[in-house]
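User: I am new to reading protein models and would like to learn how to go from a picture to careful statements. Could you take me through one example, feature by feature?

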Amino acid sequence: EVQLVESGGGLVQPGGSLRLSCAASGFRFSTYAMNWVRQAPGKGPEYVSGINSDGSSTTYIDSVKGRFTISRDNAKNTLYLQMNSLKPEDTAVYYCAKDLRGGIGYGNDYWGQGTQVTVSS
């Protein structure tokens with residue numbers, strides 16, 4: 001059974017940092033791309049970032065470029081999202097998602113339960 005469990009969310013002031021983690025199990029983690037997707041209150045899901053299976057290629061939406069860094073540790077079956085210089089508009093539930101293939105952008109077939117990130121003073 002595929003399981004994705006996010007952690008690391010919380011309340012942070014504008015300009016602060018958080019590091020999200022996603023522990024994966026039930027599939028061969030090192031052979032699939034992984035993604036972070038967020039959903040803000042009252043809005044649809046928004047793709048944030050993706051990383052290919054060996055970590056050599058990453059993508060970001062423009063609004064987080066230079067502030068967020070996606071990474072993975074295939075030995076630990078864990079995906080990360082380091083978020084710096086957080087802004088109120090980053091407030092959302094953040095989900096990790098398993099891609100369909102080793103490369104980025106083929107679609108997601110499994111999602112975690114999400115972790116809440118709130119940026120507020």
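User: Let me start with a single residue: does N52 count as buried or exposed, and why?

Analyst: Before anything else, please keep in mind that this is a predicted model. The general idea is to look at the relative accessible area of a residue, where a value under 20% means buried and a value over 50% means exposed. In this case N52 counts as buried because its relative accessibility is 13%. N52 lies in the loop between β5 and β6, and, leaving out residues up to four places away in sequence, it touches A33, S57, R72, G102, G103 and I104.

User: How should I read the strand that follows this loop, and which residues does T58 touch there?

Analyst: The strand β6 covers residues 58-60, and T58 is found in it. Not counting residues up to four places away in sequence, T58 touches G50, I51, I70 and I104. T58 is partly exposed, since its relative accessible area is 34%. It also helps to compare separation along the chain with separation in space: T58 and G103 are 45 residues apart in sequence, while their C-alpha atoms are 9.8 Å apart.

User: How many helices and strands does the protein chain have?

Analyst: The protein chain has 11 strands and zero helices, so that its elements, read from the N terminus on, run β-β-β-β-β-β-β-β-β-β-β. A further way to read the fold is through contacts between residues at least 6 apart in sequence, and in this chain 55% of those contacts join residues at least 24 apart.

User: What can be said about the overall dimensions, and why does the radius of gyration agree with a compact globule?

Analyst: With 121 residues, a compact globule would be expected to have a radius of gyration near 14 Å, and the protein chain has 13 Å, which agrees. Taken along the principal axes, the C-alpha atoms fill a box of roughly 40 × 25 × 25 Å. Of the 121 residues, 40% count as buried, and the accessible surface comes to about 6,000 Å², of which 46% belongs to carbon and sulfur atoms.

User: Which residues of the largest nonpolar core touch the most other members?

Analyst: The general idea is that in soluble globular proteins nonpolar side chains tend to be buried together. Here the largest nonpolar core has 26 residues, and those touching the most other members are W36, F68, L79, L81, M83 and Y94. The elements that give two or more residues to this core are β3 (18-25), β4 (34-39), β5 (45-51), β7 (68-73), β8 (78-83), β9 (92-99) and β11 (115-119). The most comes from β3, which gives four residues.

User: How do I read backbone angles, and what is the phi of N77?

Analyst: As a general idea, most residues other than glycine have a negative phi. N77, which is not a glycine, has a positive phi near 55°. The place of N77 is in the loop between β7 and β8, and N77 is partly exposed, with a relative accessible area of 28%. S85 is not a glycine either, and its phi is positive, at about 50°.

User: Where is S85 found, and which residues does S85 touch?

Analyst: S85 is found in the loop between β8 and β9, where it counts as partly exposed because its relative accessibility is 41%. Setting aside residues up to four places away in sequence, S85 touches G15, G16, S17, R67 and D90. One of these, R67, is 18 residues from S85 in sequence, with 6.0 Å between the C-alpha atoms.

User: And L86, is it buried or exposed?

Analyst: L86 is buried, with a relative accessible area of 2%, and L86 lies in the loop between β8 and β9. Beyond its neighbours within four places in sequence, L86 is in contact with V12, P14, G15, G16, S17, L18, R67, F68 and V119. Among them, F68 is 18 residues from L86 in sequence and 8.9 Å away in space, C-alpha to C-alpha.

Conventions. Residues are numbered from 1 along each chain as its sequence is written. This is a predicted model: local features need pLDDT of at least 70, side-chain atom pairs count only at pLDDT 80 or more; totals for chains, interfaces and linings use all residues. Side-chain values use heavy atoms; hydrogens and water are left out. A nonpolar core is a set of buried Ala, Val, Leu, Ile, Met, Phe, Trp, Tyr and Cys residues joined through side-chain atoms within 4.5 Å. Buried means under 20% relative accessible area, exposed over 50%, partly exposed in between (1.4 Å probe, protein chains only). The radius of gyration is taken over C-alpha atoms; the globule rule is 2.2 Å times the number of residues to the power 0.38. Contact means heavy atoms within 4.5 Å. Accessible areas come from the Shrake-Rupley method with a 1.4 Å probe; for residues, only the protein chains shown count as cover.
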